Each structure stands twice: as structure tokens, then as C-alpha cells.
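Please look through the sequence and the model together, moving from the interior to the charged pairs and then to the surface.

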Amino acid sequence: MARTARALETTGAVAGLEVGLPEDASPADAAGLVTAARESELPLLARLPLARAADLAAACVEAGADALVVGAPPVGSALHPSGQIVTGRLYGPAMHALALRALLAVRPLVDVPLVGCGGIHAVADARTLLGAGAIAVQVDSAIFTDPSLLGRLAETLD
């Protein structure tokens with residue numbers, strides 16, 4: 001992690017780093033990843049798993065995270081038509097309720113900027129996370145189903 005952070009910093013093309021924390025990370029694991037990424041002078045955001053956001057937030061800030069992204073989508077499993085069980089991250093509008101809950105849980109615990117992430121598929125979703133204390137939002141799966149959403153967000157939320 002430290003070597004990668006230093007290498008990215010030297011490119012001049014990267015404005016900041018986001019470290020995604022594993023869902024099963026302990027606070028000590030999270031702090032270790034953030035500390036390693038702090039080898040760079042670039043702004044550092046720690047992306048917290050939604051289910052563990054409140055548990056990991058303080059450890060990330062104490063280790064040097066400049067901001068927190070709340071949060072990485074949870075992992076789920078489903079039965080594929082082939083009969084195999086497939087596992088992957090869950091995305092979509094339903095994640096908004098989980099993202100809002102996590103953001104509200106983290107907000108009183110730390111004094112760093114928070115980025116809301118999860119289930120943003122409409123301008124109202126972004127407004128809700130901003131109103132709950134996020135200073136910015138991160139949009140993911142919606143750009144595949146509605147690429148124009150980014151433009152609407154930029155125009156509406158200036």
C-alpha cells in the first residue's frame with residue numbers, strides 16, 4: 001500500500017487516494033491500511049464498508065484519513081440460472097437507505113469531511129445524503145443506467 005501510494009503521488013495525475021477497507025477489517029486492520037497509504041502527501045479518503053462504518057471510522061481518522069467515504073456496498077450472494085451461487089457487491093437504489101443509516105451513525109463520531117455513497121439514483125438521493133452531513137456524494141452504478149444523472153447533479157447541487 002505504501003509503495004503504491006508513493007508511486008501514485010509521483011505521477012502528478014492523481015489528486016487524492018481512496019483506500020477501500022475490506023468488509024471484515026478490524027479497527028487495527030483499517031488503521032494499518034490508512035497508515036500505509038499516508039506515505040503519500042495526497043489527500044486520503046478511507047472508504048468504509050456500510051455494515052461496519054461506525055466501527056471503523058475513528059480508527060481511520062486517528063490513523064490519518066483526511067475524509068471518510070460512507071460507504072462501500074455490502075456483499076451478497078444469489079443463485080445463478082446455471083445453478084451456481086455467485087457472490088458480489090450489491091448496488092442499486094435500495095442501498096440508499098443503508099448509506100443514509102451509516103452516514104447518520106458515523107457523523108457524530110468523527111470530525112472530518114464525509115462523502116455519502118450508496119444508492120444515489122436521483123437528485124433527491126444526493127440531497128438527502130448532503131442534508132444528513134455529507135460534504136459530497138459519490139455516484140456509482142447509476143451512471144450505467146442513467147449517464148445523464150451526473151450532469152443533473154452538477155447543475156442542481158452547485
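The paragraphs below treat the nonpolar core, the salt bridges and a surface patch in turn.

This is a predicted model, in which local features need pLDDT of at least 70 and side-chain atom pairs count only at pLDDT 80 or more, while totals for chains, interfaces and linings use all residues. Residues are numbered from 1 along each chain as its sequence is written, and side-chain values use heavy atoms, with hydrogens and water left out.

The largest nonpolar core (a set of buried Ala, Val, Leu, Ile, Met, Phe, Trp, Tyr and Cys residues joined through side-chain atoms within 4.5 Å) has 40 residues, of which Leu-48, Cys-60, Leu-68, Val-70 and Val-106 touch the most other members. Two or more residues of this core come from each of β1 (17-20), α2 (27-37), β2 (44-49), α3 (53-62), β3 (67-72), α4 (95-106), α5 (123-131) and α7 (149-156); α3 gives the largest share, five residues. Helices (H or I, at least four residues) and strands (E, at least two) are DSSP runs, numbered from the N terminus. Leaving aside residues up to four places away in sequence, the contacts of Leu-48 (heavy atoms within 4.5 Å) include Cys-60, Leu-68, Val-70 and Val-106.

Side chains of opposite charge can pair when their charged atoms come close. With a salt bridge taken as a side-chain nitrogen of Lys or Arg within 4 Å of a carboxyl oxygen of Asp or Glu, the count comes to six. One of them joins Arg-47 to Glu-18, with the closest N and O atoms 3.9 Å apart, and this pair links strand β2 to strand β1 across 29 residues. Arg-47 counts as buried at 14% relative accessibility, whereas Glu-18, at 38%, counts as partly exposed; buried means under 20% relative accessible area, exposed over 50%, and partly exposed in between (1.4 Å probe, protein chains only).

Another salt bridge brings together Asp-66 and Arg-38 at 2.8 Å, N to O. Asp-66 lies in the loop between α3 and β3 and Arg-38 in the loop between α2 and β2, so the pair ties together parts that are 28 residues apart in sequence.

At the surface, Ile-143, Phe-144 and Leu-150 make a nonpolar patch of about 310 Å². Patches are made of residues with over 30% relative accessible area and no salt bridge, with like charges joined within 9 Å and nonpolar side chains (Val, Leu, Ile, Met, Phe, Trp, Tyr) within 5 Å; accessible areas come from the Shrake-Rupley method with a 1.4 Å probe, and for residues only the protein chains shown count as cover. Phe-144, found in helix α6 (residues 142-145), is exposed, with a relative accessible area of 68%.
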